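User: I am new to this structure and would like a close look at one part of it, namely the sheet and the helices around it. Please take me through that part step by step.

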Amino acid sequence: MLDAFTILTRGGVVLWAAPKTSNGPPPPNTVLNSLISTVFVEERASTASYAQGNYTVRWSVANDLGLIFVVVYQSLLQLTWAEELLESVKKVFIRMYGEEIKEGKGEVLLNVDVKFEDFFSRRVKELEADAGATPRSPPLLTGSPFGTRPTNPIDTVSTPAGKDAGAPPTPGTPSAPFMTPDAMKARGLRPAVKGRRSSGRASPAGSESDAGPSKKGKKGRRWGMDGAAEEDDGQTLDFSAPGGEGANGAGEDGDAHVEGLADTTDYGGKLTSGEFMVKDLGEDDEDGVSTKAKGALGGAFGYLQGFIGGKTLTSEDLAPALAGMQEHLLKKNVAKPVATHLVDSVEKSLVNTTTKSFESIQAAVNGATEQALKRILTPGVGLDLLREISRVNKEKRPYTISFVGVNGVGKSTNLSKVAFWLLQNKLRILVAACDTFRSGAVEQLRVHVKNLTKLSERSGGAVELFERGYGKDAAAIAKDAISYAAQNNFDVVLIDTAGRRHNDARLMSSLEKFAQLARPDKIFMVGEALVGTDSVAQARNFSDALGAGRKLDGFVISKVDTVGDMVGTLVSMVYSTGVPVVFVGVGQMYTDLRVLSVGWAVKMLMEK
């Protein structure tokens, strides 16, 4: 039934591979290569499965060990137990070989004990039997579709009891991989509509079908996460009727809809200088982000809690606590190189120092860690955008800000949030639509500008869209937009750009031309708070792609409201580039924009 089961590191080193247990040719190597490049290099792992050709690939990640457990099977089989197999194998593998991987840093092939192979074979049979499936071939064959499997046994390691071997699947996770309707159509599949009656079944007496055909208006339809259409929700899709209810659900002008896109009740306020500034993140508990105190970090440093005052610290004293700290930071979504740097800096700052009276080693480590985090997150140079805008406007030219980033991180949305904030300061804003590649990008900005125009009627600012359609040179459009803004007395130009993969040299190379031709005053990179360990590579690649003498000027971190206290991406990006975080996004409304509070970020990172 299985075509492949592979355990590998994030670096692509195969630690163990179980051959396919189904008939037919093995899956090509491109299946696994595509998983690594598309999902883990680009960090597009929003779901733990995806379809590649005729195969479905599901995976589970052990972040602390840097391991990826992958199962491959033919999509038509719809194996509902694949996730359960992944979780149970991961649990047993980590229990048997976790320490060995930590010692070898996960870059050496393991000598897999034959007991693990027996467990895997037995587990597959159990799950097939539970699902009522009959194996078509022996559960383990020789050879591997992705590489050679190590065969030298190691000393006997006890196998966990059967109860621990079968970890239950995560509740609510769909068994089928996510597929868009277009992808299903390309593979000859038709999305099923839930609740649709089979044509071969007789209609009950008195049903509508007995009364003869009746023509109804076209109904709205919602698409589920598995790509299948759900029941019609009764919403009419015809928005063309004059005076009828528009697409916004609030009449032709959509006033009620637009008003619901901005809540200024707890957005910010005016400074003594008269400038409007958004609130700091964590200033209150209404940002959609967890700020509830969970206690100081203690569990990770509990090893040395008994030591108090007057002790001269050595590396041996600190080793257990530092290991716990590194593990804690990794769980907070801090990239491994950054966590290692923090551990090293804390160790250097504490070795040969003497703890204060009645101060535990744990308290000393916590204090040193907080200081190291504050040093990383605190910008070296202050950034006062409103003051810079005022200074540049006195030179009779507009202030320009460009937004760059990978696909889908929220560049257009966060550009609009920044525009809304600038409108509160009564500035004239020109939005330049320089994403000439993605379908709908210009239309998306057009909707944002329309909404912002409606919302700015009371604030006194003005906003306009500059567009040249699709397929044009983005750098030339940006330059023309800046010239247009100068001629028409706009204060700020906000430039939207196409999303691009940070590891695609061809796409990244155009950023240098853009920076040289448009010459924006500031280039902000929009990054996701949930991007994970790939944040370092993204930040460095975008900063380096701008050419000699030009780097990123700041980060706008989106979707901070989705990660709780796992805000390690902030640290990873700032550490890797030295570029500060200017704004963070905490929701989907125009007012869901905040200024990063270093104290808040450190508090989130240090909590249990």
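Which strands does helix H12 lie across, and at what angle does it run to E10?

Analyst: Helix H12, residues 441-455, lies across E9, E10 and E11, and its direction makes about 165° with that of E10. Helices (H or I, at least four residues) and strands (E, at least two) are DSSP runs numbered from the N terminus, and axes are lines fitted to C-alpha atoms, for helices over the stretch in contact, with angles from 0 to 180 degrees between N-to-C directions. The model is a predicted one, in which local features need pLDDT of at least 70 and side-chain atom pairs count only at pLDDT 80 or more, while totals for chains, interfaces and linings use all residues. Residues are numbered from 1 along each chain as its sequence is written, and side-chain values use heavy atoms, with hydrogens and water left out.

The strands under H12 belong to an open sheet of eight strands with mixed pairing, in the order E10-E9-E11-E8-E12-E13-E14-E15; two strands pair if DSSP finds at least two bridges between them. Strand E10 (462-466) and strand E15 (593-594) are the edges, and because each has a single partner strand, one side of each is left without a neighbour in the sheet. Further in, strand E9 (residues 428-434) and strand E11 (residues 492-497) run parallel and are joined by six bridges, and Val431 has Leu494 in E11 as its bridge partner. Helix H10 (residues 385-393) also packs on the sheet, where it touches strand E8 (399-404), E11, strand E12 (522-528) and strand E14 (581-585), and its direction makes about 130° with that of E8; contact here means heavy atoms within 4.5 Å.

Helices also pack on one another. The axes of helix H15 (residues 535-545) and helix H16 (residues 568-577) come within 8 Å and cross at roughly 40°, which makes H15 oblique to H16, since angles under 35 degrees count as roughly parallel, over 145 as roughly antiparallel, 65 to 115 as roughly perpendicular and the rest as oblique. In this contact, Ser535, Val536, Gln538, Ala539 and Arg540 of H15 meet residues of H16 that include Thr569, Met573 and Tyr575.

As for confidence, the chain has a mean pLDDT of 74, with 66% of its residues at 70 or more; pLDDT is the predictor's confidence in each residue, from 0 to 100.
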